[in-house]
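Trainee: Got a few minutes to walk me through a structure? I'd like to ask about it piece by piece.

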Amino acid sequence: MLSGMSANFERGDCQAVSEISESLFKEKPSSQIRERAYSYLGRCYESQGLPDKAITVYKLANGLYPENDFFAVRLASIYLKTGFYATAVPLFEKALQGRSDDIEANAGLARCYAAQGFLSKAKLYYSRAVILGDFGDPALLKEYAAQMLRKRDWEEAALITGYALKLSPGDAGLYEISARIAAGRGDYKNAAGQMRAALKLAPSDAGFALELALLELLAGDYETALGAIPAVGTEHGALALVIRGMALHKKGERARALEYFKEAAASGGHPFISAFAAALARGSD
């Protein structure tokens with residue numbers, strides 16, 4: 001029966017796995033067989049999008065086989081995905097007590113801490129995860145870099161982004177992260193250059209174009225900023241109007257700038273952008 005569960009699990013036939021498990025457990029198998037059966041059944045429930053059933057199986061198995069870190073990690077991973085970060089933390093910690101080199105547990109604990117805002121703790125476990133993975137997982141590196149950007153740890157963010165770019169030189173999002181790191185350091189010219197690289201890889205991304213315009217504005221190149229602003233008809237229309245107005249204001253064209261500020265304020269876009277535009281309009285009137 002266990003061989004049948006294994007074969008059907010490999011084929012992705014979770015219905016068969018579930019049916020066999022019912023017969024198997026009625027036969028009161030040995031502890032070792034039950035342990036393996038729980039692993040197949042739990043993973044099947046996960047793959048079918050049934051987290052509640054998977055949690056039930058993993059909780060039972062974790063209680064019966066506390067020395068098997070697999071069940072704690074799987075249980076913690078489900079809690080992480082469903083937003084129960086505080087519940088996931090002790091389970092990941094338990095797994096790491098048994099195997100400190102578990103990449104999934106280290107990354108999972110890092111994500112839990114990052115989601116809760118404990119970025120210094122998150123840094124420790126992200127670092128362990130990427131080192132254990134020999135800096136070979138571009139998605140994890142990008143995630144780590146983004147969290148270090150959020151932490152304003154420019155040095156670590158730049159280091160990790162560099163590793164990620166070696167693996168994924170065509171990832172526009174990594175150049176966006178590089179641009180934000182440079183901007184955080186106050187180097188707006190370099191930031192604009194990095195953002196241009198991102199836009200070259202994703203030329204239709206209006207968000208990238210708008211960010212480039214803002215960086216050119218901050219770098220003091222107002223003409224280039226005006227040329228980089230995407231069409232106002234995008235989802236970022238109100239912000240595009242504000243940036244255009246700010247660039248014109250810096251050029252000394254106050255009357256034209258006021259028109260854009262007023263238009264952005266009345267656009268019905270994001271409340272903060274509208275309020276910001278209204279304040280700029282009052283200051284320019």
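Mentor: Sure, and let's start with a definition: buried means under 20% relative accessible area, exposed over 50%, and partly exposed in between (1.4 Å probe, protein chains only). This is a predicted model, where local features need pLDDT of at least 70, side-chain atom pairs count only at pLDDT 80 or more, and totals for chains, interfaces and linings use all residues. Residues are numbered from 1 along each chain as its sequence is written, and side-chain values use heavy atoms, with hydrogens and water left out.

Trainee: Good. Is Glu143 buried, exposed or partly exposed?

Mentor: Glu143 counts as partly exposed, because its relative accessibility is 23%.

Trainee: Which residue does Glu143 meet in a salt bridge?

Mentor: Glu143 pairs with Arg111, at 2.6 Å from N to O. A salt bridge here is a side-chain nitrogen of Lys or Arg within 4 Å of a carboxyl oxygen of Asp or Glu. Glu143 lies in helix H9 and Arg111 in helix H7, so the pair ties together parts that are 32 residues apart in sequence. Arg111 is partly exposed too, at 31% relative accessibility.

Trainee: How do you decide what gets called a helix?

Mentor: Helices (H or I, at least four residues) and strands (E, at least two) are DSSP runs, numbered from the N terminus.

Trainee: Back to the charges. How many salt bridges are there by that rule?

Mentor: The count comes to 13 salt bridges. One of them joins Asp171 and Lys142, whose closest N and O atoms are 3.1 Å apart. Asp171 sits in the loop between H10 and H11 and Lys142 in helix H9, so to speak distant parts of the chain, 29 residues apart. Asp171 has a relative accessible area of 23%, making it partly exposed, and Lys142 is partly exposed at 28%.

Trainee: Which residues are joined into a network by salt bridges that share partners?

Mentor: Take Lys251 and Glu253 as the way in: their side chains meet in a salt bridge at 3.5 Å, N to O. Bridges with shared partners join Glu223, Lys251, Glu253 and Arg256 into one network. Lys251 is partly exposed at 33% relative accessibility, and Glu253 is partly exposed at 24%.

Trainee: Switching topic: how many disulfides turn up in the whole structure?

Mentor: The search finds one disulfide, which joins Cys14 to Cys44 with an S to S distance of 2.3 Å. The cut-off is a pair of cysteine sulfur atoms within 2.5 Å.

Trainee: Where in the chain are those two cysteines?

Mentor: Cys14 is in helix H2 (residues 14–26) and Cys44 in helix H3 (residues 31–47), so the pair links distant parts of the chain, 30 residues apart. The link is left-handed, with -85° about the S-S bond. Cys14 is buried at 9% relative accessible area, and Cys44 is buried at 2%.

Trainee: Now H5. How much of H5 is buried?

Mentor: H5 is mostly covered, with 11 of its 13 residues buried. Among them are Phe71, Val73, Leu75, Ile78 and Leu80, along with Asp69 and Arg74. The buried residues of H5 pack against H3, helix H4 (51–64), helix H6 (85–98) and helix H7 (103–115), where contact means heavy atoms within 4.5 Å.

Trainee: And what sits at the ends of H5?

Mentor: Asn68 caps the N-terminal end, with a side-chain oxygen 3.0 Å from the backbone nitrogen of Phe70. After H5 comes Gly83, whose phi is positive, near 90°.

Trainee: Which residues other than glycine have a positive phi?Mentor: Two examples are Lys28, with phi near 50°, and Arg152, with phi of about 65°. Most residues other than glycine have a negative phi. Lys28 is found in the loop between H2 and H3, and Arg152 in the loop between H9 and H10. Lys28 is exposed, at 73% relative accessible area, and Arg152 is exposed at 58%.

Trainee: Last one: which residues of H10 are buried?

Mentor: They are Trp154, Glu156, Ala157, Ile160, Thr161, Ala164 and Leu165. Down the axis of H10, these buried residues fall within an arc of 165°, so they line one face of the helix. That arc is taken from the directions from the helix axis to the C-beta atoms. The face turned away from the buried side carries the exposed residues Glu155 and Lys166.

Terms used
Polar contact = N/O pair within 3.5 Å; in protein donor to acceptor, adjacent residues only side chain to side chain.
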